[in-house]
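Student: I would like to learn how to read a structure from a single residue outwards. Can we work through one together?

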Amino acid sequence: MVSLPSRRKMKYTLEAYGFLAPALVILITFIIYPVLNLFYISFFDWRGLGAKEFVFLDNYKMILQREEFRQVLKNTIIYILGVVPTTMVLSLIAAVLLNTKIRLKSFYRTSIFSPTAISFVATGIIWVWMFNSDYGLVNRVLEALGFSPLDWLKSTSYAMLAVIIATVWARVGYFMVIYLAGLQTIPEEYYEAAEVDGATSFRKFLHITLPLLKPTHVLVLVMLTIFSFRDFDQIYTMTGGGPLMSTTTLAYYIYVLSFERFRFSEGATVAVILLFFVIAVQYLQRKVFGDEAIY
Amino acid sequence: MDGTRTRTKISIKSLLTHAVLWVFVGIILVPILWTFFTSLKTPVEIAHGTFLPEVWRWENYRIAWEQAEFPRKFLNSFIVAITVTLGQIVTSAMAGYALARMEFRGRDLIFNVAIASMLISEQIIIVPLYVMLAKFGWIDSYKGLAIPWFFNGFGVFLFRQFFLTIPKDIEEAAIVDGASRFRILWQIMLPLATPAVLTLFMFTFIAEWNSLFKWLILVKSPEMRNVQLGLTIFQEQFIAQYHLLTAATILVSLPSVILFLLGQRYYIKGIATTGVKG
C-alpha cells in the first residue's frame, strides 16, 4: 500500500509534469531528439535520398583531413577573435560613458542600441552598400584620407574584415546594455571612498569598475562566443561564404555541405564538430573564469 | 580658486565623454542614414555620390514594395512570428510556473537541460530537423516553420525568475478557495507577470521577424517566403538598383524597429535580466 503522503507527492509530481508537458514535448521532439539523431546520421554515408551506408567514423576522418575544413576552422577562429574582443571593449566603453550623469543619455543609448532591432539580413545589405567598391561610403572615406580604395567584399584578404565590422556594428549596443546592467550592481560607496583618497577617473575604472565587473565580463564573453559560433545571416547576405570560401565559418559550412552540395552526412558530421567546439569553449571559459556569473 | 578648477576639470571631462559618445553614435547612425537617403535617390544621384537626395523620391518605396512582391511575404512573416511568440509564451509560462512553484523529482535536471538547450543553434540541428519535418510533410508549411520553435529556454528561465519574485500568499488564498493550479496560473499569476509576457513577446517577435535561416531551408515555394528571404532574393535580382534595394531593406526593418521603439523598456530589461545574477 502506498502511504498517503507519498501518494499526494505522486499526484503533485504528475501535476507538475502536466505543466511542463508542452515545453518538454517540443524540447524533446525538436531539439533533443535531433541532437541525438545528428550523431546517428554522422555515422552513415547519406545524401538525403536513397540508402544509408554505415561508415562509422569515416566521415570524421575524411572531413578532418580536408584542406577546405582547415580553412573553415581558421576562418571561424579569425571571426571569433575579430568579433569578441572588439565588441567587448567597445560595449564596455560605451556603457561606462553612459553610466555617468550626462545629458542626452537616452538619445545616445537608443542610437547605439538601434541596430539590435534590425535583422542581420538588413545589417548585411547596409554594409554591402557601405563597402560597395564604386559608390560605397567606406571607400570614399578611405580616399579622402589619402588611402587607395579597396574591393572589400571581393577580396579574400578583406571580406572577412568587412563581415567582422558589420557584426561588431550590429552587436555593440546589445552588450552595452548588459554592461550597463552590470555597472548598476557596483555600490556607489566604492567610488566615494576612492574619491576621498583622491583617485583619478582612470584609476577608479582600473581598480574598481573593471575587477568588479568580472561576472559581467564572463557573461558577455560566453554569450558573444555562442552568438559568433552561430552567425550565418550576415555572411549569407554579404559574401555568401566567399570569395573562395574565405568567409565560410563552421555554421556556414554546415549549410554549404547539406543544402548546396546535398551531402547530409557530411553536414551532420560538421554539426557534431561544431557542437563539440561550442561545448568545449563554454567549458573552458567557465573553467578559466569561474561560473559564478551565469544566471 | 579651487572650485573653479574642479568645475573646469569636470566640464572638460564631460566634453570628452560627449565627444566619444558622438563618435559611437556617428558610426552607428551614419550607415543607417546613408541607406535611408539612398532609398530616396535616383540612380543618377547615386552615381554622383551626393549624401542627401535632391528630391525625396518616396515612390521608390512603392516600386520596391511591388517589385519585391512584399504583401504575401509580410503576411507569412507575421503569421509565423505571432504564432511562435504566443506558443513560446504559453509553454514558457507553464514550465516556468512549475519550476518556480512546484516541488517534484527531476526539477533541477529539467531546468538545467532547458538552459543548456540555448547552446543548440539552428544550424547544429538543421539536418536531422529537416529530415524529420520532411517525413512529417511539414516542409513549405506554417506548421513546420512555427511548431518546432515553440520552446525557448530563455523564456522558461525568464518566467521562472519572475514567478519566484511573486509572494506565495497571493496563490494560497486561491488554493484555500479550491481554485485549480491551472486557473491560478492563468487568472492570477500570468496577469501579475505582464512584464515577463511583454519581454518575451518583444524578444521572440523581433527575432522571428528577423529570421532567415529556417526559411532558407524549410521553404521551397515562392508563396511561402518571408520578408528576410524575400529581401535576399531581391538583393540578387536588383543587385545594381541600390535605390530600390535600400528602400526594400527599410520596409522590411520597419515592423521590428517600430515594435522596438514602442517597447524599448521591456526589450532592454529582457537583455539586462539575462546579464544579472538571479
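**From one loop residue to the whole chain**

Tutor: Start with A:Thr249, which sits in the loop of chain A between α11 (233-238) and α12 (250-260). Keep in mind that this is a predicted model.

Student: Is A:Thr249 buried or exposed, and why?

Tutor: Compare the relative accessibility with the cut-off: buried means under 20%. A:Thr249 has 2% relative accessibility, so the residue counts as buried.

Student: Which residues does A:Thr249 touch, leaving out those up to four places away in sequence?

Tutor: Look for heavy atoms within 4.5 Å. With those sequence neighbours set aside, A:Thr249 touches A:Val72, A:Asn75, A:Thr76, A:Tyr79, A:Met160, A:Asp231 and A:Ile235.

Student: Next is the helix α12(A). How many of its residues are buried?

Tutor: Apply the burial test residue by residue. In α12(A), 10 of the 11 residues are buried, so the helix is mostly covered by the under 20% criterion. Among them are A:Leu250, A:Tyr252, A:Tyr253, A:Tyr255, A:Ser258 and A:Phe259.

Student: What covers the buried residues of α12(A)?

Tutor: Trace the contacts back to their elements. From chain A, the cover includes α3 (67-98), α10 (214-230), α11 and α13 (264-289). Chain B also takes part, with its α6 (122-136) and its own α12 (213-218).

Student: Which residue just after α12(A) takes a positive phi?

Tutor: Check the backbone angles past the helix end. There A:Phe262 has a phi of about 55 degrees.

Student: Now zoom out. How do I read the overall form of chain A?

Tutor: Begin with the element count: 13 helices and two strands. Then set the radius of gyration against the globule rule. Chain A has 24 Å, whereas a compact globule of 295 residues would have a value near 19 Å. The C-alpha trace spans about 70 × 70 × 30 Å along its principal axes. Of the 295 residues, 54% count as buried.

Student: What do the contacts and the surface of chain A add?

Tutor: Sort contacts by sequence separation. Among those with a separation of 6 or more, 68% join residues 24 or more positions apart. For the surface, about 14,200 Å² is exposed, and carbon and sulfur atoms supply 65% of it.

Student: And chain B: how do I test an annotated span against the model?

Tutor: Take the record, then check secondary structure and end-to-end distance. An unreviewed UniProt entry lists "transmembrane region" for several spans of chain B, including 184-206 and 239-262. Residues 184-206 are 96% helix and 0% strand, with end C-alpha atoms 30 Å apart. Residues 239-262 are 88% helix and 0% strand, and their end C-alpha atoms lie 33 Å apart.

Conventions: Residues numbered from 1 in each chain as written. Chains lettered and ligands numbered in written order. Predicted model: local features only at pLDDT ≥ 70, side-chain atom pairs only at ≥ 80, totals over all residues. Heavy atoms only, no water. Helix = DSSP H or I, 4+ residues; strand = E, 2+ residues; numbered from the N terminus. Rg over C-alpha atoms; globule rule 2.2 N^0.38 Å. Buried < 20%, exposed > 50% of the residue type's maximum accessible area, 1.4 Å probe, protein only. Areas by Shrake-Rupley, 256 points an atom, 1.4 Å probe, with all protein chains shown as cover. UniProt positions renumbered as here; feature names shortened; annotations may be inferred.
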